[in-house]
Amino acid sequence: MAGELERGSAAARPGTSGLISALYREASRFPSVAQASVGVGLAACCGAKCLPLYTEWHQSDLAHGQQLLFSRQYILHRDGKAIVSVTPFGMPAEIRKQLLMRVSPTRRLRAILAHHFEMGQKQEVLEDSTLGKEPPSNIALSGSSWHTYSSHSPPPYLHNGSGRGAGLWHEHYMNSMPVTCPAWEYDGPCPVLISVSQQVWSNSGRVRSVNLTILDKHGRIYTDGQFGCLSWSHSESQILYVAERKCPKVQLLFPQDRSPQEGEKQDKARKISLFYAGTLGKLLDPVPKQLNIVRFQGKQSVKYDNWGEALGDKSIPALCLLNIKTGEVSVPEGIPGDISPGQALWSPDDKSIVFIGWWHEPFRLGLSACSNRRSALFFLDLSRSSCELLSSDHQAVSCPRLSPDGTHLVYLEGPVFGPHRQCLKLKMLNWQTKLTSTVIDVVRTATAGFYGIYSGALPLLCWADDNCRILLNTPQRSKKELLVVDTKLGSVKSITAGTTEGSWTLLGIEQDLLVVTCSSPNCPPNLKVGVLPPVGNELELQWMNVEEASVLPDMEWKILTVQVPVTEESIPYTSQTFEALLLKPRGSAHREKAFPLIVSPHGGPHAVFDACWRPTMACLCQLGFAVLMVNYRGSLGFGQASIDSLISRVGVQDVKDTQLAVELALQMEPLDPNRMALLGGSHGGFICCHLLGQYPGMYKACAVRSPVINMATLLGTSDIPDWRYAALGLPYCFERIPTEQDLAAMLLHSPITHAVKVCAPLLMCVGAKDQRVSPYQAREYYRVLRARGVPVQ
């Protein structure tokens, strides 16, 4: 594949656009593994064991504008403490209809949530099949909504106006539709009432089929990573999932008679607009409190409050239980009406459910990429329909994970409000006593090379077989490392420190077998396995390659460490350093004496550029550019003190840090200071637009996605209004009304105050329905620059 990437350059030389498209197409062809599961082992000779490994992979298909999903299977040969060999089994097989998949506790069954289109109808199916075979069908279920596509892979005939991922330089991130009418623009056949079926299969064939549309228990099933789950009971008799709570039926209020000719024309570009029928002044009267509906007196439309950007089709989640034996679906009662449940799992005795509940009163704040929303760990007794707290009710919690023996449960905990993502605590609940302890506390500054734990660190399968150790992946400065945590000792150890790979992700650990994927800025994803050694010997872990990608020979990368000048005023963390990733062409492969530089600060702002494979950056490097990805102070992976240092200094510290990184790179590397451009999205676009105005003439061009231009005007249009206050160090509450001083401070920290000095050409890519950064932010900047004759699109 690396050779194809190199050959793409020569094949596309006739035109610049052809060169770019060819290189990006080749860079995007490298697949990445999405999930993996280990099956039941079979005894082999001399005490060895054969373990089936089932994997699922994503691959971009740019020609058809879609994300492919396919499976690969392997046989792992385990001899004692190591995997001695790997044998691929069969050919990769494309998976066309699957949305979610989970393997049962005994690893003999597989539940699959899938969708089907038949005769103009979309069907969602949850199938259950024997592990190790391509799933033919075995349990089936779905919701009564025709839109349940993942935000990352909408169908080709549905296009969302949000478009936060527009442009070559973003990795195909698309957003879900908002519940607010009108919904998706629909260019395909007119949808009809969905028929949903559930099927149960055994080795002898199908034994049950249930039509869930007739049952009409819930709406669309959640497949996102925030609320969604697909959890087997320990007895394998029930499956737990999350779906939209059943809402009133929807119909057109004023049907229109049209001629066949008019109908054909309108069907080509039809917008599905939904209206609730009823007396205009008495829609849904009385309004159920849990619906949190905004009513418009005298109007026909009703707006459902939703969970913001990327979760716009999530409003009222409900826990749902599928009884595999009877085929019945039930929605358990007892959950408080002001709580939205998700991330659910079964208790050890299968009589109760543990879930995360988010408070959604008085209104919902954006939840995507925000680990600071008030939430708690709840316990729902199914027999008594009673719900009780298992954790504090004034913190933000996530990722509950039960130990294999059912004696302990770990989860992540952080504060409410403040920075949207922070360093988190690892908490542990004793299931018998219901007492909670802190295993790993918040790390303000590094201790023995450990920089803390951050959101998304715990995979679904993270416990070792000893019920004592857990495995996780989390940023540690500019790399993502695999860590082993001893829950009894509270100790942390990295098992990937010092490796050449820049980013490690744990897909899961089963039978003490770790399945991981790793990559670097110049090396596409690899798949590896390894057996976890006994306590105290974790550093002896030996990795075996399952799928190995080669390092691209014509590019190299390094981490630059930037020291903050001690003369900088009013910053309490002057002793801190930050880092930047530099990806550049190898000198011998290019004739350039000094490479043009693209500077890219990350979004967030509390996020991080870990040293992983990014097709966009690799493509730019293949084109002859060096790329500087800046992890300014405030980035994740450097401790809580670094995160806190950015509060009240956005638009100042992050901008100066990015400029410091650029100046250091120019001093240390063969880079051309007269050929530099900017690239960034969201808060990264905010920094880029600041740099354009504060350092006019230094950067020759800029491309941004959904940039924040004016914090004051964004306040009332964003799904995260709390961040506008938190960024400036101001307290937030739901009742807060901005003062003149608040708005003035927001304006002074915004890029638009420097717009008069901008002279470089600017390209802005925005989403028409972006709930986080309104497209009117870009329009405001566009008008200002256009009026001054600055080239802008």
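Two strands pair if DSSP finds at least two bridges between them. Strands (E, at least two residues) and helices (H or I, at least four) are DSSP runs, numbered from the N terminus.

This is a predicted model, in which local features need pLDDT of at least 70, side-chain atom pairs count only at pLDDT 80 or more, and totals for chains, interfaces and linings use all residues. Residues are numbered from 1 along each chain as its sequence is written, and side-chain values use heavy atoms, with hydrogens and water left out.

**Exercise 1. Describe the sheet that holds strands 27 and 28, and their pairing.**

Step 1. Strands 25-26-27-28, in that order, make an open sheet of 4 strands with antiparallel pairing.
Step 2. Its edges are strand 25 (396-402) and strand 28 (436-440), each of which pairs on one side only.
Step 3. On average, neighbouring strands are turned by 30 degrees against each other, direction ignored.
Step 4. Strand 27 (residues 425-430) pairs with strand 28 in the antiparallel sense over 4 bridges. Opposite Leu429 stands Thr436 of strand 28.

**Exercise 2. Do the same for the sheet with the order 21-22-23-24, and find the residue with positive phi in strand 21.**

Step 1. This open sheet also has 4 strands, and the pairing is antiparallel.
Step 2. Strand 21 (339-346) and strand 24 (386-389) are the edge strands. The average turn between neighbouring strands is 35 degrees, direction ignored.
Step 3. Strand 23 (residues 375-381) and strand 24 run antiparallel and are joined by 4 bridges. Phe378 has Leu389 in strand 24 as its bridge partner.
Step 4. Gln343 lies in strand 21, and its phi is near 50 degrees, a positive value in a residue other than glycine. Most residues other than glycine have a negative phi, and most peptide bonds are trans.

**Exercise 3. Locate the cis peptide bonds that precede Pro362 and Pro605.**

Step 1. The bond from Glu361 to Pro362 is cis, with omega near 0 degrees. Pro362 sits in the loop between strand 22 (352-359) and strand 23.
Step 2. The bond from Gly604 to Pro605 is cis, with omega near 5 degrees. Pro605 belongs to the loop between strand 38 (595-601) and helix 5.

**Exercise 4. Classify the packing of helix 2 with helix 5 and of helix 7 with helix 8.**

Step 1. Axes are lines fitted to C-alpha atoms, for helices over the stretch in contact, and angles run from 0 to 180 degrees between N-to-C directions. Angles under 35 degrees count as roughly parallel, over 145 as roughly antiparallel, 65 to 115 as roughly perpendicular and the rest as oblique.
Step 2. Helix 2 (residues 16-27) and helix 5 (residues 615-622) pack at about 135 degrees, with axes 9 Å apart. Helix 2 is therefore oblique to helix 5.
Step 3. The contact (heavy atoms within 4.5 Å) involves Ile20, Leu23, Tyr24 and Ala27 of helix 2 and Pro615, Thr616, Cys619 and Gln622 of helix 5.
Step 4. Helix 7 (residues 653-668) and helix 8 (residues 683-694) pack at about 70 degrees, with axes 10 Å apart. Helix 7 is therefore roughly perpendicular to helix 8.
Step 5. Asp654, Val655, Thr658 and Gln659 in helix 7 meet residues of helix 8 including Phe686, Ile687 and Leu691.

**Exercise 5. Judge the confidence over residues 1-14.**

Step 1. The mean pLDDT (the predictor's confidence in each residue, from 0 to 100) is 83, and 77% of the residues reach 70 or more.
Step 2. Over residues 1-14 the pLDDT is below 50. Where pLDDT is low, the predicted coordinates should not be read in detail.
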